[in-house]
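Biologist: I am new to this structure. Please show it to me before I ask about it.

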Amino acid sequence: MKELIRLKGLDKIYPVGGEDFFALKNVALSINEGEFSGLVGPSGSGKTTLLNIIGALDQPSNGDVFMYDKRVSRIKATLAAQLRLHNFGFIFQTYNLLNVYSVYENVELPLTLLGWNESRKKKAIQEALEWVGLTDKIKSRPGKLSGGQCQRVAIARAMVKRPKMVLADEPTANLDSENSHNILKTMEEINRKTGTTFLFSTHDQKVIDYLSRIISLKDGQVIEDRQQEPKR
Amino acid sequence: MVFKLALKNLLSAGLRTWLTAFILSLTLAAMLFMQALMAGMLDEMSTIRQNEEIAGGQIWHEKYDPFDPTVLEKANAALPNEIQSMVEKGDACPLLMISGAIYPKGRFKNAMLKGINPNQECLKLDFTSLNKINGDDRLSVMIGKRYADTLGMAKGDILTIRWRTRAGAFDAVDAEITSILRTNAPVMDQGAVYLSHEVVNKMNGTLNHSTLVWVKTDRVPPHIEGWVFRDFMYLMKDTLDMVKSKQVGQSIFYGMLLFLGLIAVFDTQALAVFRRKKEIGTFMAMGMSNAKVVYMFVIEGTMYGIIATFLTLVWAGPLFWWLAEAGMSFGGASGDDWGMAFGDRFFPVFTFGRVFGAILFVNLMVIFVSFWPTKVITRMLPANALRGRIS
């Protein structure tokens with residue numbers, strides 16, 4: 001499989017009380033196309049920071065990020081925005097849906113930013129909502145949906161533009177067990193059908209059981225990187 | 001998309017949006033009303049003073065000074081040919097002023113005796129009753145309505161006029177008020193007793209002398225020896241200066257109102273940036289650039305101005321239209337009470353330019369204060385915004 005992301009000597013340093021705190025320390029790894037992998041570790045291990053740097057939401061203090069062998073770290077904010085627009089879909093723990101918009105409009109947003117025309121948008125939104133089983137909730141507002149349904153909308157919003165990679169930060173943290181499994185099944189299916197790369201940040205065993213690759217972090221360093229047969 | 005989202009955000013904010021927009025709307029309406037009222041006052045004063053006091057301008061005897069009554073005695077002369085021919089053509093109307101006194105009901109009052117052609121056509125005032133011939137050789141005089149009220153006199157009343165002749169002797173004569181002059185120009189009313197031009201000349205011991213001449217237009221012969229032309233703008237200078245000084249005070253007042261309205265927008269925007277950091281982060285994560293997020297917030301803020309404009313047109317538009325048509329009264333007081341030339345109703349003047357200018361000004365200010373608190377977004381890292389941090 002083709003290498004999608006390569007990280008080289010990545011540090012993320014925050015000044016804390018006059019001293020440097022290493023949120024990430026000399027992280028090096030690569031992620032291939034189509035992987036269903038996760039950054040695993042306890043709170044404060046650097047999972048979200050690493051996810052943010054990969055997704056061009058944050059910049060490393062040292063080291064580089066490459067996407068298809070092209071250096072994408074330390075680029076201008078506008079280029080980073082373009083990179084995110086065309087390559088990444090994000091799923092957040094708290095869904096981050098826009099409450100003033102309907103389900104349809106929330107899913108439509110990334111496509112509007114991409115400048116797609118109405119008919120192309122409509123087709124893509126319909127398909128994305130079919131994947132997550134929410135075609136009957138098109139006109140609903142997020143406030144009227146359950147947590148599981150909101151996260152499905154977030155998945156549809158992340159997937160609708162067919163990104164190269166979906167970055168999911170603790171996607172099941174606010175969901176009960178049943179909803180978590182449903183969500184994970186949905187994402188795994190999408191991964192299988194579309195070949196979209198998924199990278200999770202999690203410490204939830206339910207999520208870990210679905211992953212085919214586990215990258216363990218502790219104190220900002222990769223301590224283990226292994227493949228596994230999903231247990232679900 | 002940005003417009004749609006901004007509108008949805010505003011509408012979802014409910015009461016906060018409407019309150020902010022209403023404060024702005026009040027500010028805009030107050031600005032428009034005060035500007036229109038001042039313009040209306042100026043328009044009316046100009047019209048009244050032109051029609052009833054200044055005409056197209058005045059040609060003064062070179063010694064005449066309206067603020068120095070001591071020179072009045074010498075400030076008259078026979079009109080030179082150039083001006084006399086204008087008078088004969090009806091393009092100019094002479095006035096002779098001498099100081100004197102009147103004795104209404106036995107009391108003494110200083111008065112300005114003004115000799116005017118009863119059939120004059122320079123001012124839109126009717127002096128024809130000065131032509132009336134009374135019994136007992138009483139002179140015909142006119143006094144202004146306010147002056148008559150002050151003196152407690154009315155049409156048909158008799159008063160004694162005393163004056164000093166050119167030779168220095170005092171003389172007196174009885175006169176009958178043949179008509180009350182109705183004018184909104186205070187200068188033409190208070191302290192003035194009108195007689196015919198010929199009579200005042202006789203009283204003064206002169207023949208066809210004048211202190212000043214009203215002209216219908218500003219087309220007058222240049223450089224007439226011993227006479228000075230004062231055009232309309234010169235004679236309106238006191239009014240214009242007064243309006244200018246009022247406008248300064250007025251600007252301070254609506255500047256304060258505007259400041260309050262803009263503070264509301266600024267506050268709403270600053271609060272929005274603070275409260276909606278996660279939303280900002282989400283937009284950035286989806287690929288929206290910082291500049292576009294700022295743009296979206298500015299559009300949102302700008303919409304307060306647009307909503308306020310719409311609100312103003314809805315509630316204040318009909319009200320202003322009615323006021324412009326019907327005028328407004330300030331408890332029966334007239335401009336005369338304040339020494340200004342206007343009637344007992346004020347008519348605000350709302351021109352397209354004035355309304356458009358005020359709307360444009362308010363909206364530009366709103367755009368500016370909408371942008372200011374969102375500047376912080378330009379430096380915001382998406383990861384920090386998602387975490388709820390400003391930078």
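A few questions and answers follow.

Modeller: This is a predicted model, in which local features need pLDDT of at least 70, side-chain atom pairs count only at pLDDT 80 or more, and totals for chains, interfaces and linings use all residues. Residues are numbered from 1 along each chain as its sequence is written, and chains are lettered from A and ligands numbered from 1 in the order in which they are written.

Biologist: What radius of gyration does chain A have?

Modeller: The radius is taken over C-alpha atoms, and the globule rule is 2.2 Å times the number of residues to the power 0.38. For 232 residues a compact globule would be near 17 Å, and chain A agrees, with 17 Å.

Biologist: Is A:Lys206 buried, partly exposed or exposed?

Modeller: A residue is buried if 20 or more other C-beta atoms, placed from the backbone, lie within 10 Å of its own, exposed if 12 or fewer, and partly exposed in between. Because A:Lys206 has 15 other C-beta atoms within 10 Å, A:Lys206 is partly exposed.

Biologist: Which strands are the edge strands of the open sheet β2-β1-β4-β5 in chain A?

Modeller: Strands are DSSP runs (E, at least two residues), numbered from the N terminus, and two of them pair if DSSP finds at least two bridges between them. This open sheet of four strands has antiparallel pairing. Pairing on one side only marks the edge strands, β2 (19-32) and β5 (70-71) of chain A.

Biologist: Which residue stands opposite A:Phe66?

Modeller: Strand β4 (residues 62-67) of chain A runs antiparallel to β5(A), and two bridges join them. Opposite A:Phe66, in β5(A), stands A:Arg71.
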